[in-house]
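Thanks, everyone. I have one structure to go through today, and I will start with a contact between charged side chains. Please have the viewer open.

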Amino acid sequence: MGRTCEETELMLKGYGLTTSEILYRLPDYRNVLNSFVWQAWDLAPDHPKLMGFLEFWKKSIEGPLHSIRFTHRKLIRPGEWRNVAGEFVLH
C-alpha cells in the first residue's frame, strides 16, 4: 500500500510515467543491436531521471547507445484530483 501512496503523491506533484526503449550495440559484436526497456516517474519536459540514467549508461556501460525512443504520460493531474466527502448507496 505504501508504494501506491508514493506514486499518487508523485502524480499530484506533476510527475508522469516515462517509458523508454534503448537500443544499444553489443560491445563485442558492434553490428548487433540489443534492446533495453527503462521506466521511471519523471518530470517533463526536461526528464532529469532519464537524462541522468543515460549519462550513467555512457559512463558505466560498455555497450554504446544506438537510439532511444521514449514516451511520457501523466496519469493524473493536480486539477483532476478532488476529495469526496460522502457516498450515497442505492439498493
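This is a predicted model. Start with Arg-69 and Glu-21: their side chains form a salt bridge, with 2.5 Å from N to O. What does this pair tie together? Arg-69 sits in strand E3 and Glu-21 in strand E1, so the salt bridge links parts that are 48 residues apart in sequence. On accessibility, Arg-69 is exposed, because its relative value of 58% is over the 50% cut-off. Glu-21 is partly exposed, at 26% relative accessible area.

How many salt bridges does a search of the whole structure find? The search returns 2. The other pair to look at is Lys-58 with Glu-55, where the closest N and O atoms are 3.9 Å apart. Lys-58 and Glu-55 both belong to helix H2, residues 48–60, and they are 3 residues apart, so about one helical turn separates them. Lys-58 counts as exposed, with 56% relative accessible area, whereas Glu-55 is partly exposed at 40%.

Back to strand E1, which covers residues 16–25. In a regular strand, side chains alternate between the two faces of the sheet. In E1, the covered face holds Gly-16, Thr-18, Ser-20, Ile-22 and Tyr-24. The uncovered face holds Leu-17, Thr-19, Glu-21, Leu-23 and Arg-25. Glu-21, from the salt bridge with Arg-69, is therefore on the uncovered face of E1.

Which strands does E1 pair with? One is E2, residues 33–42, which is antiparallel to E1 and joined to E1 by 10 bridges. Within that pairing, Leu-23 has Ser-35 of E2 as its bridge partner. The other is E3, residues 65–73, also antiparallel to E1, with 8 bridges. There, Ile-22 has Ile-68 as its bridge partner.

Ile-22 and Tyr-24, from the covered face of E1, lead to the next item. The largest nonpolar core has 8 residues, and Ile-22 and Tyr-24 are among them. The others are Trp-38, Ala-40, Leu-50, Phe-53, Leu-54 and Trp-57. E1, E2 and H2 each supply at least two residues of this core. Which element gives the most? H2 does, with 4 residues.

One core residue to select in the viewer is Leu-54. Leaving out residues up to four places away in sequence, Leu-54 touches Ile-22, Leu-65 and Ile-68. Two of those names came up earlier: Ile-22 and Ile-68 are the bridge partners in the pairing of E1 with E3.

That is the end of my part.

Methods: Residues numbered from 1 in each chain as written. Predicted model: local features only at pLDDT ≥ 70, side-chain atom pairs only at ≥ 80, totals over all residues. Heavy atoms only, no water. Buried < 20%, exposed > 50% of the residue type's maximum accessible area, 1.4 Å probe, protein only. Pairing = 2+ DSSP bridges. Salt bridge = Lys/Arg side-chain N within 4 Å of Asp/Glu carboxyl O. Core = buried A, V, L, I, M, F, W, Y, C linked by side-chain atoms within 4.5 Å. Contact = heavy atoms within 4.5 Å.
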